[in-house]
Amino acid sequence: MNTAPDILVLGLGPAGSCAAIALAQNNFSTLTVERKKTPGTPVQCAEFVPALIENMVNNLRDCHVQNISSMLTMVENSTPDLMADFPGRMIDRADFDAKLAQEARKAGAICHYGVNVRQITKDGVVILADKSRIAPKVIIGADGPHSLAGKAIGSTNQDILETRQISVPLLKPFESTDIFLNADIRGGYAWLFPKGETANLGLGVVASDKARLKDILSSLHERLIQEGRIGARVLNHTGGAIPAGGMLKPYGFLNNTLVLLAGDAAGLTNPITGAGINAAVMSGRLAGEAAADWLHSDLDAPENYQQDLDDLFGASLARALKRRHEILSTYANENTPTPDQLRASWIAYSEYWAA
Ligand SMILES: Cc1cc2nc3c(=O)[nH]c(=O)nc-3n(C[C@H](O)[C@H](O)[C@H](O)COP(=O)(O)OP(=O)(O)OC[C@H]3O[C@@H](n4cnc5c(N)ncnc54)[C@H](O)[C@@H]3O)c2cc1C
């Protein structure tokens with residue numbers, strides 16, 4: 001392994017791969033390390049992406065499983081509200097991540113799997129699990145919600161949603177993302193997303209309610225079995241953390257080493273929907289370009305990167321954060337949110353978009 005590359009990218013999720021593609025295309029020596037042994041596996045995702053992402057990712061058609069055309073939202077078991085124009089794609093996320101990493105490799109990045117980063121020193125030296133040390137000129141932290149690169153520069157996600165998801169047989173195919181809003185699901189929501197012959201059924205809640213995930217998911221599973229929509233067999237289990245505190249300062253320095261954060265590591269996931277693939281792809285690419293600019297002696301590159309992220313995501317993250325704080329404050333005042341308050345906290349309703 002090259003122990004002094006121009007750039008070391010931590011993590012080969014969508015953010016890391018997109019950063020590596022941009023860098024390798026600029027002919028910088030780019031090393032990437034990923035602790036997973038197999039690209040994209042295990043999947044920790046509900047596998048929905050907005051249709052627009054097709055303009056940014058070459059290989060999406062290969063990973064496409066089915067189309068999404070609308071969103072149905074059920075507030076406290078009421079009849080569903082339809083948002084008719086909600087174009088999206090259900091993808092095979094493992095394949096998506098693997099293909100992006102393959103593109104990075106083809107562009108010239110060196111990708112190592114099964115390599116765990118243990119520590120990053122205050123001098124910018126990255127120490128791996130086997131104790132080897134790497135001293136790059138730039139570190140790109142694309143290492144997810146609990147980023148070590150973020151920790152090293154003091155930018156850490158403080159507010160985290162915890163999730164649990166199962167894959168189940170889908171008995172009645174459909175083309176919407178089904179959303180369940182319920183006062184019992186504090187600071188989050190439940191989802192049923194169709195994926196061909198199966199569906200992803202899951203939910204996210206505030207971290208302090210993590211112990212309740214299993215019971216809430218079991219009762220929703222039972223209810224949907226009774227309705228004849230899905231089967232009882234659990235094909236797969238997953239879960240994981242989602243940053244819900246908004247954008248962090250996406251750069252810092254460890255001595256002379258520039259550290260840039262992208263994707264979940266930079267807190268770019270939407271605090272209301274939990275969606276972060278799109279932002280990971282876009283920020284990964286921008287982080288790669290910013291690192292290239294920096295290595296070409298553009299001293300403003302880190303600040304310009306932060307500005308670019310703010311231009312792209314600042315307004316939508318700020319709105320989502322505001323709505324998240326509003327709904328959480330009802331619980332803090334020992335009240336249960338009303339159906340109207342739940343609606344105002346979700347993107348399908350005009351109240352969410354009001355000033
Ligand atoms: C249950 C669940 C459902 C979701 N559903 C959706 C959805 O439907 N649509 C959507 O848009 N978003 C969804 N998200 C969010 C989405 O998955 C993330 O926003 C997205 O993966 C962020 O990409 P990333 O590249 O920043 O981080 P990640 O995809 O998390 O990639 C980070 C990589 O870094 C690696 N890594 C971490 N630490 C180290 C280390 N120390 N050493 C080496 N490697 C390391 C990890 O193994 C990982 O592969 C969901 C999240 C969860 C948990």
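How far apart do the C-alpha centres of domain 1 and domain 2 lie? They lie 28 Å apart, and I should say at once that this is a predicted model, in which local features need pLDDT of at least 70, side-chain atom pairs count only at pLDDT 80 or more, and totals for chains, interfaces and linings use all residues. Residues are numbered from 1 along each chain as its sequence is written.

The domain assignment, whose bounds come from an automatic or database source, gives domain 1 as 7-56 + 90-158 + 245-317 and domain 2 as 160-243. Their contact, counted where C-beta atoms placed from the backbone lie within 7 Å, takes 15 residues from domain 1 and 17 residues from domain 2.

Let me turn to the interior. The largest nonpolar core, meaning a set of buried Ala, Val, Leu, Ile, Met, Phe, Trp, Tyr and Cys residues joined through C-beta atoms within 7 Å, has 103 residues, and A19, I140, L260 and A262 are those with the most contacts inside it. Helix α6, residues 277-295, gives the most to this core, with 11 residues; helices here are DSSP runs of H or I, at least four residues long, numbered from the N terminus. Both domains give residues to the core, so it lies between them.

Leaving out residues up to four places away in sequence, A19 touches several residues, among them I140, A262 and G284.

Within helix α6 we find A280, which is buried because 28 other C-beta atoms lie within 10 Å, where 20 or more count as buried, 12 or fewer as exposed, and anything in between as partly exposed. A280 and G263 are 17 residues apart in sequence, yet 3.8 Å apart in space, C-alpha to C-alpha.

Note on methods
Helices (H or I, at least four residues) and strands (E, at least two) are DSSP runs, numbered from the N terminus. Two residues are in contact if their C-beta atoms, placed from the backbone, lie within 7 Å.
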